[in-house]
Amino acid sequence: MSRFADVYVKNNKYRINGDFHHMTPNLPIRDADNGMKLLGVTNPREMTYIHSYGGEAVFFESLSQGKLMATRCDSKNCDSKGVIYQPFRIHCPDCLGKNTIFDMTDIAKKTSKIYTFMVCERSGAFNILEKPIKFINIEFEGVPTILMSYMSLGEPKFGLKVVPIFKKQDPSYTIVDLSWVPAGTDKKDLPNGFSF
Ligand SMILES: [Zn+2]
């Protein structure tokens, strides 16, 4: 059996191979102040979770190709006709019609500004981002929603112009493949695997 589980879809069904969970031995928890009396055990657990992206899959695939995809409501009778959604929304929240997918990479490269930000010195389990993590909320011209992401270089400031960078080399196909740097950053300074 392989160390990692792998999954693909054929004929509209999940096909799964390998080990989806690994049993790891329990270890005793003992009382060092009381003759090493048994108090309990640790239960190490490791499992592979199948996370389906559904209609958002194109958003994650596009990040690996250096493109930021958004959606827009094109329904004729909707008050929100023409509204652009970033983050990517599959359906319009007003008319519930299926939105049109479009490429907003150019808008992001030319008009992105930091609306607000948060710097986190600590993180939760499985964090892979470098600390402190500079979370930023980004506004785009002509887009009424705000995107949450993180900055890889420089210090966040209100109104700072930023540009997107994409992890095209060895992408993870998750949201961390998208990051931001101040406008005017030299491409030689970008983190490993990232490009404009
Ligand atoms: Zn609509």
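This briefing describes the fold, strand pairing and core of the protein shown above. The structure is a predicted model. Its secondary structure amounts to 2 helices and 15 strands. The radius of gyration is 22 Å, well over the 16 Å that the globule rule gives for 196 residues, so the protein is more spread out than a compact globule.

**Overall dimensions and packing**

- The C-alpha trace spans about 70 × 45 × 35 Å along its principal axes.
- Of the 196 residues in the protein, 18% are buried.
- Among contacts with a separation of 6 or more, 46% are between residues 24 or more positions apart.

**The open sheet of strands 7, 8 and 9**

- Three strands form an open sheet in the order 8-7-9, and their pairing is antiparallel.
- Strand 8 (84-85) and strand 9 (100-103) stand at the edges of this sheet; each has a single partner strand, so one side of each is left without a neighbour in the sheet.
- Strand 7, covering residues 69-72, runs antiparallel to strand 8 and is joined to it by 2 bridges.
- T71 has Y85 of strand 8 as its bridge partner.
- In general, the strands of a sheet pair through backbone hydrogen bonds, in either a parallel or an antiparallel sense.

**Strand 13 and its partners**

- Strand 13 comprises residues 162-167 and is mostly covered, with 5 of its 6 residues buried.
- Strand 14 (residues 178-182) runs antiparallel to strand 13, and 5 bridges join the two.
- V162 has P182 of strand 14 as its bridge partner.
- Strand 13 also pairs in the antiparallel sense with strand 15 (residues 194-195), over 2 bridges.
- F194 in strand 15 is the bridge partner of K167.

**K167 within strand 13**

- K167 belongs to strand 13 and counts as buried because it has 23 C-beta neighbours inside 10 Å, where the threshold for a buried residue is 20 or more.
- Leaving out residues up to four places away in sequence, K167 touches S172, D177, G193 and F194; F194 is thus both a contact and the bridge partner of K167.
- P156 lies 11 residues from K167 along the chain, and the C-alpha atoms of the two are separated by 20 Å.

**The largest nonpolar core**

- The largest nonpolar core contains 26 residues, and I84, I138 and W180 have the most contacts inside it.
- Two or more residues each come from helix 1 (57-63), strand 8, strand 11 (133-139), strand 12 (147-151), strand 13 and strand 14.
- Strand 8 therefore contributes to this core while standing at an edge of the open sheet, with a single partner strand.
- Apart from neighbours within four places in sequence, W180 is in contact with I136, I138, S149, M151, S152, V162, V163, P164 and I165.
- I138, one of these contacts of W180, is itself among the residues with the most contacts inside the core.

**T185 in the loop after strand 14**

- T185 is located in the loop between strand 14 and strand 15.
- With 17 other C-beta atoms within 10 Å, T185 is partly exposed, because that count falls between the limit of 12 or fewer for exposed residues and that of 20 or more for buried ones.
- I133 is 52 residues away from T185 along the chain, and their C-alpha atoms are separated by 19 Å.

How values were computed
Residues are numbered from 1 along each chain as its sequence is written. This is a predicted model: local features need pLDDT of at least 70, side-chain atom pairs count only at pLDDT 80 or more; totals for chains, interfaces and linings use all residues. Two strands pair if DSSP finds at least two bridges between them. Helices (H or I, at least four residues) and strands (E, at least two) are DSSP runs, numbered from the N terminus. The radius of gyration is taken over C-alpha atoms; the globule rule is 2.2 Å times the number of residues to the power 0.38. Two residues are in contact if their C-beta atoms, placed from the backbone, lie within 7 Å. A nonpolar core is a set of buried Ala, Val, Leu, Ile, Met, Phe, Trp, Tyr and Cys residues joined through C-beta atoms within 7 Å.
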